[in-house]
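Let's take a walk through a protein structure together. Keep the sequence and the 3D view at hand as you read.

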Amino acid sequence: LPLQTIKKILWNCVESVSGAGSINLIKHLPEQEQLNALSKFKNEYNNLSEPEQFGVVMSNVKRLRPRLSAILFKLQFEEQVNNIKPDIMAVSAACEEIKKSKSFSKLLELVLLMGNYMNAGSRNAQTFGYNLSSLCKLKDTKSADQKTTLLHFLVEVCEESYQDVLNFVEDFQHLDKASKVSAENLEKSLKHMEKQLQQLEKDLQTFPIPEDNHDKFVTKMSISFRAQDFQKLARMHENMEKLYQNVMGYYAIDLKKVSVEEFLTDLNNFRMMFMQAVKENVRRREAEEKQRRAKIAKEKAEKEKLERQQKKKRLLEMKTEGEETGVMDSLLEALQSGAAFRDRRKRTPRSKGEYSILDFRK
């Protein structure tokens, strides 16, 4: 762009054009002493090199560095709001969900009941409460065979008798996002924005009267830029702080010892563990059902095999018995009919020592 055009852009705060230029100028802006020195050569402008000419033109822009900082803040303000606002809303919504969820309250009752049952007879018997961070430790208590945990058992109890308790996972829609928010960084960002706004207000109040009628900086910044959005954001942040202080107080958590990030992270980790335990219980039941069906199929196959073997054995026995019975039946029939005694003379002479049953009968 021509240098004079750049100067007019800075005078009129043309955001669509001055954005990247403002960032680069602030990074590489010469010191004011250098600009003042270059301004003395404005009568020799045509004999100067382009960088020197640029310096001469910029030296004519009053309060250049504050002007650039203000323009840059204005350009980045909406982005900063869009970065902070969703985090504030997520933490606020998560705190309300945690406080209002009846399913989660019922879950905490079940955990306390199980703990008191398991600790019966010990010094921890009949406990009135426990720290919410203990929820994540449920998976550390394992069964005798080391295959399941107390968390798996809790899920199973809920699935069998307290289906409504499972809904707490769905109740905590904003917990995952809220657990990733740093309350400390939020506060720092808001304080930085507030400081920038205060500086802008101060600069506008002390800005010198423009020497050129085309310099509309003060008017443009005053008309087109307001601190209302920041005030709204600040109120949202204040409300967020009240909400998480309230919910942490509700669960008797010391804010001096536990930060809101730790509180939300612990709950979100438990939520993730609970959902994982639900899936693992489903897989375990499917595996057990598969083993049960495989066992039944194996027993059925072995039974059928044994039945086939027994049937085959009976058939063989029947065949053998049938053959023996047939021989005896034929012999008895021959004896009864007398066929065994006919035409003895026509029979082939026996060799010496050969006898038949008829010889003994005779």
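What follows goes from the overall fold to the core, then to the open and closed spaces, and ends with a few single residues.

First, a word of context: this is a predicted model. Start with the whole chain, which has 362 residues, 30% of them buried. What is the secondary structure made of? The protein chain has 14 helices and zero strands. Read from the N terminus on, then, the elements are α after α, right through to the end. Contacts in the chain often bridge long stretches of sequence: among those between residues at least 6 apart, 75% join residues at least 24 apart.

Now for the inside. The largest nonpolar core has 71 residues, and the ones that touch the most other members are Ile98, Phe104, Leu154 and Phe263. Which helix gives this core its largest share? That would be helix α5, residues 64-100, with 14 residues. Pick out Ile98 in your viewer and look at what surrounds this residue. Leaving aside residues up to four places away in sequence, Ile98 touches Phe104, Phe172, Leu175, Val247, Tyr251, Phe263, Leu264 and Leu267. Two of these partners, Phe104 and Phe263, were named above among the core members that touch the most others.

Stay with helix α5 for a moment, since Ser92 lies there too. Is Ser92 buried or exposed? Its relative accessibility is 10%, and buried means under 20%, so Ser92 counts as buried. Again setting aside residues up to four places away in sequence, Ser92 touches Met240 and Leu243.

Met240 also leads us to an enclosed space, as this residue is part of the lining of the largest cavity. How many cavities of 30 Å³ or more are there? The count comes to one, and the largest cavity has a volume of about 40 Å³. Around this cavity you'll find Val91, Ala178, Val181, Ser182, Ala183, Leu186, Met240, Val260, Glu261 and Leu264. Leu264 is one to recognise, as it was listed among the residues that Ile98 touches. By type, the lining divides into eight nonpolar residues, one polar and one charged. Helices α10 (183-206) and α13 (260-337) each supply at least two of the lining residues, and α13 gives the largest share, with three.

The open spaces are next. The largest pocket holds about 310 Å³ of space. It is lined by 15 residues, and the closest to its centre are Val111, Gly115, Asn119, Tyr130 and Ser134. Which helix contributes the largest share of the lining? Helix α6 (residues 102-118) does, with six residues. The make-up of this lining is seven nonpolar residues, seven polar and one charged.

How about the cysteines? Two to look at are Cys136, which counts as buried because its relative accessibility is 13%, and Cys158, which counts as buried because its relative accessibility is 0%. As for disulfides, the count comes to zero.

Let's finish out in the loops. Gln146 sits in the loop between α6 and α7 (150-161). Its phi is near 65°, a positive value in a residue other than glycine. Gln146 has a relative accessible area of 54%, so this residue is exposed.

Ala252 is another residue with a positive phi, near 55°, and it isn't a glycine either. You'll find Ala252 in the loop between α12 and α13. Because its relative accessible area is 72%, Ala252 is exposed.

Leu255 is placed in the loop between α12 (228-250) and α13 as well. Is Leu255 buried, exposed or partly exposed? With a relative accessible area of 39%, this residue is partly exposed. Which residues does Leu255 touch, not counting those up to four places away in sequence? They are Tyr244, Gln245 and Met248. Take Tyr244 as one example: Leu255 and Tyr244 are eleven residues apart in sequence, and the distance from C-alpha to C-alpha is 9.6 Å.

Methods: Residues are numbered from 1 along each chain as its sequence is written. This is a predicted model: local features need pLDDT of at least 70, side-chain atom pairs count only at pLDDT 80 or more; totals for chains, interfaces and linings use all residues. Side-chain values use heavy atoms; hydrogens and water are left out. On a 1 Å grid over the protein atoms alone, a cavity is a set of points where a 1.4 Å probe fits but cannot get out, and a pocket is an open set with protein on both sides within 12 Å along at least five of seven lines; lining residues have an atom within 4 Å of a point. Grid points are joined across faces, edges and corners, and a volume is the space filled by probe spheres set on the points. Helices (H or I, at least four residues) and strands (E, at least two) are DSSP runs, numbered from the N terminus. Ala, Val, Leu, Ile, Met, Phe, Trp, Tyr, Cys and Pro count as nonpolar, Asp, Glu, Lys and Arg as charged, and the others, Gly among them, as polar. A disulfide is a pair of cysteine sulfur atoms within 2.5 Å. Buried means under 20% relative accessible area, exposed over 50%, partly exposed in between (1.4 Å probe, protein chains only). A nonpolar core is a set of buried Ala, Val, Leu, Ile, Met, Phe, Trp, Tyr and Cys residues joined through side-chain atoms within 4.5 Å. Contact means heavy atoms within 4.5 Å.
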